[in-house]
Amino acid sequence: MMILFSNKKDDLLSRLKKQDAAAQKIFYDQNVKKYLSISRSYINDLYQAEDCVIKAFCKIFKSIESFRSEGSFDGWARRIVVNECLNFIKSHKTVFYLDDISESYLEEMYEEEMIFDFNAQELLDQLPDAYRMVFNLYVFEDYSHQEIADLLQISTAVSKTQLFRAKEK
């Protein structure tokens with residue numbers, strides 16, 4: 001019986017680069033839950049989040065040759081998942097960056113009943129898309145405000161404001 005894989009990530013990576021279907025299945029099985037969790041932190045709808053994950057896996061497998069081993073493979077693949085989610089949000093929704101929001105609207109938001117027994121995903125789902133994107137990129141993906149501003153084509157001040165408001169909410 002031939003052993004296809006040792007426990008080394010390098011062996012799996014080399015087989016992924018050869019488009020080995022067994023390696024792709026192993027990689028998928030090892031990462032699908034993690035990537036879905038990442039996707040759900042950006043996208044409210046489970047089915048749309050799953051679509052983004054599937055597209056991300058396709059991109060990972062298709063463009064694996066472009067991975068230059070300059071960082072971790074996990075980080076490279078995670079960035080593809082995040083970018084797929086951001087692309088989905090940009091192409092399917094209108095995102096409003098709330099710089100000039102009326103005070104009465106903010107007061108209405110604060111008057112809503114606060115729930116202390118919470119699920120983190122449910123809290124993220126309640127955030128407006130703009131808040132959630134900036135919050136996730138800054139907190140979970142460790143992007144700087146300048147990187148967020150460049151990625152989302154907003155100013156660093158807007159990025160900082162969105163993060164502040166997301167934390168407040």
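**Figure 1. Burial and helical make-up of the protein chain in the predicted model.** Of the 169 residues of the protein chain, 38% count as buried, and the accessible surface comes to about 10,800 Å², with 53% of that area belonging to carbon and sulfur atoms. The chain holds nine helices and zero strands, so that the order of elements from the N terminus reads α-α-α-α-α-α-α-α-α. Among contacts with a separation of 6 or more, residues 24 or more positions apart account for 62%.

**Figure 2. Confidence along the predicted chain.** The pLDDT of the protein chain averages 81, and 79% of the residues score at least 70. Among the elements, helix α3 has the highest mean pLDDT, at 94, whereas helix α5 (residues 103-111) has the lowest, at 50.

**Figure 3. The largest nonpolar core and the surroundings of F73.** In soluble globular proteins, nonpolar side chains tend to be buried together. Here the largest nonpolar core has 43 residues, and those with the most contacts inside it are F27, Y35, Y42, I60 and F73. At least two residues of this core are supplied by each of α1 (9-17), α2 (21-42), α3, α4, α7, α8 and α9 (156-168), with the largest share, ten residues, coming from α4. When residues up to four places away in sequence are not counted, F73 touches L13, L16, F27, I60, I64 and F67; of the residues with the most contacts inside the core, F27 and I60 are thus among those named around F73.

**Figure 4. The salt bridge between K59 and E84.** Side chains of opposite charge can pair when their charged atoms come close. The structure holds seven salt bridges, and in the one formed by K59 with E84 the closest N and O atoms are 2.6 Å apart. This pair links distant parts of the chain, since K59 belongs to helix α3 (residues 46-62) and E84 to helix α4 (residues 73-92), 25 residues apart. K59 is partly exposed because its relative accessible area is 38%, whereas E84, with a relative accessible area of 7%, is buried.

**Figure 5. The salt bridge between E141 and R78.** The side chains of E141 and R78 meet at 2.7 Å, N to O. Because E141 lies in the loop between α7 and α8 (145-152) and R78 in helix α4, the pair ties together parts that are 63 residues apart in sequence. E141 counts as buried, at 14% relative accessibility, while R78 is partly exposed, with a relative accessible area of 26%. Elsewhere in the model, D11, R15 and D20 are joined into one network by salt bridges that share partners.

**Figure 6. The salt bridge between R68 and E70.** The closest N and O atoms of R68 and E70 are 3.6 Å apart. Both partners lie over the 50% cut-off for exposed residues: R68 has a relative accessible area of 63%, and E70 has one of 67%.

**Figure 7. A nonpolar patch at the surface, made by Y138, V139 and F140.** The patch formed by these three residues covers about 250 Å². Y138 has its place in helix α7 (residues 129-140), and its relative accessibility of 31% makes it count as partly exposed. Patches are made of residues with over 30% relative accessible area, so Y138, at 31%, meets that cut-off.

Methods: Residues numbered from 1 in each chain as written. Predicted model: local features only at pLDDT ≥ 70, side-chain atom pairs only at ≥ 80, totals over all residues. Heavy atoms only, no water. Patch = residues over 30% accessible without salt bridge, like charges linked within 9 Å, V, L, I, M, F, W, Y side chains within 5 Å. Areas by Shrake-Rupley, 256 points an atom, 1.4 Å probe, with all protein chains shown as cover. Salt bridge = Lys/Arg side-chain N within 4 Å of Asp/Glu carboxyl O. Helix = DSSP H or I, 4+ residues; strand = E, 2+ residues; numbered from the N terminus. Buried < 20%, exposed > 50% of the residue type's maximum accessible area, 1.4 Å probe, protein only. Core = buried A, V, L, I, M, F, W, Y, C linked by side-chain atoms within 4.5 Å. Contact = heavy atoms within 4.5 Å. pLDDT = per-residue confidence, 0-100.
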